[in-house]
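Subject: Structure for you to look at

Dear colleague,

Here is the structure I said I would pass on. My notes on it follow below the entry.

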Amino acid sequence: MELVHSGKVRDVYADGDDLILVASDRVSVYDVVLPTTVPDKGKILTQLSLWWFEQLGDIIPNHVVSAADVPDEWEGRAIRCRRLSMLPVEWIARGYLTGLGLKQYEKDGAVSGIALPDGLVEASKLPEPIFTPTTKAVEGHDEFITFDDVVAEIGADTAERLRDVTLAIYRRGAELARERGIVIADTKLEFGRAADGTLVLGDEVLTPDSSRFWPADDYAPGRAQHSLDKQFVRDWSSTLDWDRTPPGPEIPQDVVDATRARYIDVYERLTGRTWSS
């Protein structure tokens, strides 16, 4: 096998016609990889993604070839995948207003060119989920773009198809999560094309690294929500005298433990399975 890419959290290896996607325990905030890992994080993300791929298979094909046919040292945290030509867009669906979406709304009254009602506040539920794509920056930060920008980048047919798929995945995920006591505020997806041109869902899906999860029984608009995802680490880092450039700060053990507990809580609530590392 050959290492072909090492990302902030995942490493990708070529193995014949397939790729092996390995999720590490690394933590990235504000595009900076922190020096402290969270035990089992990569396994939780992998196993939760596999569960979601099963729930979403009727909406769009995914990249999974096998979760079992991987090297022993990566058991539980690796997936054998189809090779895809990834599209240069971050496909984001929002059902609630928070994060950078809230900041753009407060500035422009809109997100990604979509005008929203007046008077929305932190964590407001939107009248309906919206598609708010961003660039996929190799360096620096992703930036909001409009649907017309996506059309210009990849063509109208593909843009319309994947906008609809992104919103369908979000709606399916939000409905299933709500039944299990979790609000999914927003999520980020990635798509690519297989060798035959088929559009395919790749990377991870509806995990605490790619989505915002809130406990439904504690949800109340107008304030920050109790985070069951990576936002917890971002919030901790924002209390520090750190300029969000490398090197990142060490994560204290209590924050590591609380982060791991949140990821396990989400996994167990959504899948109905007891986590076992």
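A residue counts as buried here when its relative accessible area is under 20%, as exposed when that area is over 50%, and as partly exposed in between. By that cut-off Thr-134, with a relative accessible area of 7%, is buried. Please keep in mind that this is a predicted model.

Thr-134 is part of strand β13. Setting aside residues within four places in sequence, the contacts of Thr-134 fall into two stretches of numbering: Val-89, Glu-90 and Ile-92, and then Asp-142, Glu-143, Phe-144 and Ile-145.

Phe-144 also turns up in the surroundings of Gln-104, a residue of helix α2, which covers residues 99-108. The C-alpha atoms of Gln-104 and Phe-144 are 9.0 Å apart, with the two positions 40 residues apart in sequence. Besides Phe-144, Gln-104 touches Gly-109, Ala-110, Val-111 and Ser-112, again without counting residues up to four places away. Is Gln-104 buried or exposed? The relative accessibility of Gln-104 is 19%, and because the limit for buried is under 20%, Gln-104 counts as buried.

Now the overall picture. The protein has six helices and 16 strands. Its radius of gyration is 18 Å, close to the 19 Å that the globule rule gives for 277 residues, so the protein is as compact as a globular protein of that length. Along the principal axes, the C-alpha atoms fill a box of roughly 55 × 50 × 40 Å. Of the 277 residues, 53% count as buried. Among contacts with a separation of 6 or more, 63% are between residues 24 or more positions apart. The exposed surface comes to about 12800 Å², and 46% of that is supplied by carbon and sulfur atoms.

On charges: there are 31 positive and 48 negative side chains, and the centres of the two sets lie 3 Å apart. The whole structure contains 17 salt bridges. Some of them are described here.

One salt bridge joins Arg-94 and Asp-186, whose closest N and O atoms are 3.5 Å apart. Arg-94 sits in strand β9 (residues 89-96) and Asp-186 in strand β14 (residues 182-193), so this pair ties together parts that are 92 residues apart in sequence. Both Arg-94 and Asp-186 are buried.

Strand β14 also holds Glu-190, while Lys-136 is in the loop between β13 (134-135) and α3 (147-154), so this second pair ties together parts that are 54 residues apart in sequence. The side chains of Glu-190 and Lys-136 form a salt bridge with an N to O distance of 2.9 Å. Glu-190 is buried, at a relative accessible area of 16%, whereas Lys-136 is partly exposed, at 27%.

A further salt bridge is the one between the side chains of Asp-218 and Arg-223, at 3.6 Å from N to O. Asp-218 has a relative accessibility of 32% and counts as partly exposed; Arg-223, at 33%, is also partly exposed. Elsewhere, Asp-15, Asp-18, Asp-69 and Arg-80 are joined into one network by salt bridges that share partners.

Regards

Terms used: Residues numbered from 1 in each chain as written. Predicted model: local features only at pLDDT ≥ 70, side-chain atom pairs only at ≥ 80, totals over all residues. Heavy atoms only, no water. Helix = DSSP H or I, 4+ residues; strand = E, 2+ residues; numbered from the N terminus. Rg over C-alpha atoms; globule rule 2.2 N^0.38 Å. Buried < 20%, exposed > 50% of the residue type's maximum accessible area, 1.4 Å probe, protein only. Contact = heavy atoms within 4.5 Å. Areas by Shrake-Rupley, 256 points an atom, 1.4 Å probe, with all protein chains shown as cover. Lys, Arg positive; Asp, Glu negative; His and termini not counted. Charge placed at Lys NZ, Arg CZ, Asp CG, Glu CD. Salt bridge = Lys/Arg side-chain N within 4 Å of Asp/Glu carboxyl O.
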